[in-house]
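Please keep the structure open in your viewer and follow the stops below in order, selecting each group of residues as it is named.

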Amino acid sequence: MKIIVTGGAGFIGGNFVYYELKNHPEDEIICLDNLTYAGNLETLEDAMKNPKFKFVKADIADREAVFKLFEEEKPDIVVNFAAESHVDRSIENPEIFLQTNIMGTQVLMDACRKYGITRYHQVSTDEVYGDLPLDRPDLFFTETTPIHTSSPYSASKASADLLVLAYHRTFKLPVTITRCSNNYGPYHFPEKLIPLMISRALADEPLPVYGKGENVRDWLYVEDHCAAIDLVMRKGKVGEVYNVGGHNEKSNLDVVKIILKQLGKPESLITYVTDRPGHDMRYAIDPTKIHEELGWLPQTKFEDGIKQTIDWYLTHKEWWQNILSGDYQNYFEKMYGERLD
Ligand code: NAD
Ligand code: DAU
């Protein structure tokens, strides 16, 4: 089988490339990524040594480049991770989110229609459901929860999902969608909560917690997400959506305190800063469907996953320090400069 993995130089896509090379060594993997600020070829250094792996630098919204690749490679499966993925950036500059997340998805699906594939899989997010109140712990997102987005990021992901389902209904494209909760693990770009807090705590720098730190996220170890995507793209029912999450809800403050404790750093580093506009309160996934239909269950407990993640950041300092010394620094100043003064 030949599989195109878009966005494979990013966090989840990179982990997915390694998951596939390890668990399906018979398959060929082609990573299509245009290396935005979030794409890092260092992540794929080991994969590059594998003859079953190939990297192609191109924008998923570049119709000519995408069609040329499909013409040459004739993939069986396309799995689309490529996206602008950071909510705060979407609040600063929504346009690129629409371009990549919506138009890019359309170009990929048009190529799938023209050249024929057995499966197009869209990697989506629980953020398409909006948020849940903190005082209703009995409520969870199911696949039939109405789409109700909050940020330009989540609106762009929801738009793409609707387009994917429309291509299935109208053109009979064999699609599946997974909507996952927050991931954590190796190769996570240090603008997102967990790697940001690890890298800053290690440098004894203030840890910017939005609002009161009460917002709740449902954390899943990245390898468990990769296993779910692999299962759905190979065995999931065409035209279906599958929610992915492990019933592991934690407030942001609790996550930050766990990281500090693990690193032996003081809680006095916690600094409360102005809240994210439109900040979603709580995400919580009901994963019953993927469990009952495909037998998926998360394998990594948060206590173990967070230790493994912290260990990874401690033993791969070069990976994230290279990022911090580049453009990311200017970005950090722009987003937090005034808030931390
Ligand atoms: P990321 O930001 O770490 O990586 C995105 C990758 O896509 C990068 O390698 C980047 O270079 C590439 N890319 C961006 N625009 C592109 C374009 N126009 N053409 C080609 N490549 C492009 O993102 P991530 O956190 O790994 O998320 C991957 C996917 O999973 C996204 O679709 C995101 O919406 C979804 N998702 C993420 C999470 C999470 O917790 N991170 C949870 C659920 C779903
Ligand atoms: O739920 C899935 C989504 O999870 C994915 O679709 C997104 O691509 C991914 O980025 C993530 O979105 P979040 O907005 O939940 O993740 P982030 O790491 O940006 O923030 C997690 C929580 O921590 C959120 O409540 C905001 C808060 N936060 C974040 C940062 C960066 C802070 O308090 N301080 C910070 O500096």
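What you have loaded is a predicted model, and a search of the whole structure finds 17 salt bridges in it. Side chains of opposite charge can pair when their charged atoms come close. The tour begins with some of these pairs.

**Charged pairs**

Select D46 and K49, and show their side chains: the two form a salt bridge in which the closest N and O atoms are 3.0 Å apart. With a relative accessible area of 47%, D46 is partly exposed, whereas its partner K49, at 65%, counts as exposed.

Go on to R136 and D138, where a salt bridge brings the closest N and O atoms to 2.7 Å from each other. Here R136 is partly exposed at 37% relative accessibility, and D138 is likewise partly exposed, at 47%.

Next, select E205 together with R200, whose side chains meet in a salt bridge with an N to O distance of 3.4 Å. Is R200 buried or exposed? R200 is buried, because its relative accessible area of 10% falls under the 20% cut-off, while E205, at 33%, is partly exposed. Now display E20, D27, D230 and R234 at once, since salt bridges that share partners join these residues into one network.

**Two helices that cross**

Two packed helices are described by the angle between their axes and the distance between the axes. Colour helix α1, residues 11–23, and helix α7, residues 222–235, which pack with their axes 9 Å apart and at an angle of about 65 degrees. That angle makes α1 roughly perpendicular to α7, and the crossing in which α1 passes α7 is right-handed.

Which residues make the contact? On the α1 side, select F11, I12, N15, F16, Y19, E20 and K22; on the α7 side, add V222, E223, H225, C226, A227, I229, D230, M233 and R234. If you colour this selection by residue class, the contact of α1 with α7 shows 9 nonpolar, 2 polar and 5 charged residues. Among the contact residues are E20, D230 and R234, which also belong to the salt-bridge network that includes D27.

**A covered helix and the residue after it**

Move to helix α6, residues 193–202, which is mostly covered, with 8 of its 10 residues buried. To see the buried set, select I194, P195, L196, M197, I198, S199, R200 and A201; R200 in this set is the residue that you have already seen paired with E205.

Most residues other than glycine have a negative phi, and most peptide bonds are trans. With that in mind, step just past α6 to D204, which takes a positive phi of about 55 degrees.

**Two loop residues with positive phi**

Now select Y187, which lies in the loop between β7 (183–184) and α6. Although Y187 is not a glycine, its phi is positive, at about 70 degrees, and the residue is buried, with a relative accessible area of 16%.

For the last stop, find H247 in the loop between β11 (240–244) and β12 (249–251). H247 is not a glycine either, and has a positive phi of about 50 degrees. Where Y187 is buried, H247 is partly exposed, with a relative accessible area of 48%.

Technical notes:
Residues numbered from 1 in each chain as written. Chains lettered and ligands numbered in written order. Predicted model: local features only at pLDDT ≥ 70, side-chain atom pairs only at ≥ 80, totals over all residues. Heavy atoms only, no water. Salt bridge = Lys/Arg side-chain N within 4 Å of Asp/Glu carboxyl O. Buried < 20%, exposed > 50% of the residue type's maximum accessible area, 1.4 Å probe, protein only. Axes fitted to C-alpha atoms, helices over the stretch in contact; angles between N-to-C directions. Helix = DSSP H or I, 4+ residues; strand = E, 2+ residues; numbered from the N terminus. Parallel < 35°, antiparallel > 145°, perpendicular 65-115°, else oblique. Left-handed = near helix turned anticlockwise from the far one by under 90°. Contact = heavy atoms within 4.5 Å. Nonpolar A, V, L, I, M, F, W, Y, C, P; charged D, E, K, R; others polar.
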